[in-house]
Amino acid sequence: DLNAQLHGQHLAKEVVIRAVQGFLQSPRPEKALVLSFHGWSGTGKNFVARMVASHLYRDGLKSECVRVFISLFHFPHHKYMDSYKAQLKKQISETVQLCRQSLFIFDEAEKLHFSLLDAIKPFMARYDNKGQVDYRRSIFLFLSNLGGNTINEVALDFWRAGRAREEISMEFLEQRLRLELLEPAEKGYAHSHLLEENLIDFFVPFLPLEYHHVKLCARDAFLARGLPYTEAALDEVARTMVFVPKEEKLFAAQGCKSVSQRINYFL
């Protein structure tokens, strides 16, 4: 499904499949699996999180074993942090007790207060077996726009050098991503202990999408509605999107985010 439906993301595809399969096949993991998805809006972070949920659980995101937290929606006020922390710990504990395999998705993770990240740290740390609930079978996904600029700069440099984006390697990008996330300006990640204590197993970079990827998203949107399409129609949808930077007009500013809404104009 990732091969057929996730466009322009060779790194994310490879890392997610390797990480999740390896984790599921391990009879006794030492800790929960923690993946941090990074990249611009519309590049596929939510899409992949939904896909992981739908492949692990019959009811997908609606499963009682899946909890989705959206930073500004669930934890909007700084003055209530203590109450949010207690609430969050309780929800995670209850889900883990109910389900042998749990999935926790934190959307807009860059806006999570660092004290919340530290509060859930014990659930992601190595298991010390002191009569506590066993969290080792849990998967934590953090979805963040942080690092998007670093990822895009790398993609642009490769393009300018006439190199294929598929040549961008994980080793090359991951170091740069870590550096950006450790910058003190990025309050949440930098101030929490997730990075120092290496609790995040994989940083998953989502590359910016190009014109032909947007056309593939448009094709998928037509097919999802059972509608016929032509190459000209796909081009027309892609042409309505904004592309950046100003000179090259290479990357879709919103990725594939509004593609399905734009199709309405052409029906």
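This report describes the annotated region, nonpolar cores, disulfides, largest pocket and backbone details of a predicted model.

## Annotated C-terminal region

An unreviewed UniProt entry lists residues 209-266 as "domain: Torsin-1A C-terminal". In the model, 48% of this stretch is helix and 7% is strand. The C-alpha atoms at the two ends of the stretch are 22 Å apart.

## Nonpolar cores

The largest nonpolar core holds 68 residues. Those that touch the most other members are Phe-37, Ile-92, Leu-103, Phe-106, Phe-140, Leu-141 and Phe-142. Helix H2, residues 10-25, gives the most to this core, with 7 residues. Apart from this core lies another, of 16 residues, which includes Ala-238, Ala-252, Cys-256 and Val-259. As a general background, nonpolar side chains in soluble globular proteins tend to be buried together.

Phe-140 shows which parts of the chain meet in the largest core. With neighbours within four places in sequence left aside, Phe-140 is in contact with Ala-32, Leu-33, Val-34 and Leu-35, among others. The contacts of Phe-140 also include Ile-92, Phe-104, Phe-106, Phe-123 and Met-124. Two of these partners, Ile-92 and Phe-106, are themselves listed with Phe-140 among the residues that touch the most other core members.

## Helix H6 and Gln-91

Helix H6 spans residues 114-124, and 8 of its 11 residues are buried, so the helix is largely enclosed by the rest of the structure. The buried set consists of Ser-115, Leu-116, Leu-117, Ala-119, Ile-120, Lys-121, Phe-123 and Met-124. Of these, Phe-123 and Met-124 are in contact with Phe-140.

Gln-91 lies in helix H5. Its relative accessibility is 19%, and the cut-off for buried is under 20%, so Gln-91 counts as buried. Outside its neighbours within four places in sequence, Gln-91 is in contact with Arg-67 and Phe-69.

## Disulfides

A search of the whole structure finds 2 disulfides. With bonded cysteines counted along the chain, the pattern is 1-2, 3-4.

One disulfide is formed by Cys-65 and Cys-99, with sulfur atoms 2.1 Å apart. The torsion about the S-S bond is about -85°, so this disulfide is left-handed. The pair links distant parts of the chain, 34 residues apart. Cys-65 sits in the loop between helix H3 (45-56) and strand E2 (66-70), and Cys-99 in the loop between helix H5 (81-98) and strand E3 (103-107). Cys-65 has a relative accessible area of 13% and is buried, and Cys-99, at 4%, also counts as buried.

The other disulfide joins Cys-217 to Cys-256, with an S to S distance of 2.0 Å. The angle about its S-S bond is 85°, and the link is right-handed. This pair, too, links distant parts of the chain, 39 residues apart. Cys-217 is in helix H10 (residues 211-224), whereas Cys-256 is in the loop between strand E7 (251-252) and helix H12 (259-263). Cys-217 and Cys-256 are both buried.

## Largest pocket

The largest pocket has a volume of about 700 Å³. It is lined by 27 residues, of which Gly-42, Phe-47, Arg-50, Cys-256 and Lys-257 are the closest to its centre. Cys-256 is thus a disulfide partner of Cys-217, a member of the 16-residue core and part of this lining.

At least two lining residues come from each of H3, strand E4 (139-144), H10 and H12. H3 gives the most, with 4 residues.

## Backbone details

The peptide bond from Val-244 to Pro-245 is cis, with omega near -10°. Pro-245 is located in the loop between strand E6 (243-244) and E7. The loop between E6 and E7 also holds Lys-249, which has a positive phi of about 45° although it is not a glycine.

Glu-108 is another non-glycine residue with a positive phi, of about 55°. Its place is in the loop between E3 and H6. Glu-108 has a relative accessible area of 24% and is partly exposed.

Technical notes: Residues numbered from 1 in each chain as written. Predicted model: local features only at pLDDT ≥ 70, side-chain atom pairs only at ≥ 80, totals over all residues. Heavy atoms only, no water. UniProt positions renumbered as here; feature names shortened; annotations may be inferred. Core = buried A, V, L, I, M, F, W, Y, C linked by side-chain atoms within 4.5 Å. Buried < 20%, exposed > 50% of the residue type's maximum accessible area, 1.4 Å probe, protein only. Contact = heavy atoms within 4.5 Å. Disulfide = S-S within 2.5 Å. 1 Å grid on protein atoms, 1.4 Å probe; cavity = no way out; pocket = protein on both sides within 12 Å on 5 of 7 lines; lining within 4 Å. Points joined across faces, edges and corners; volume = space filled by probe spheres on them.
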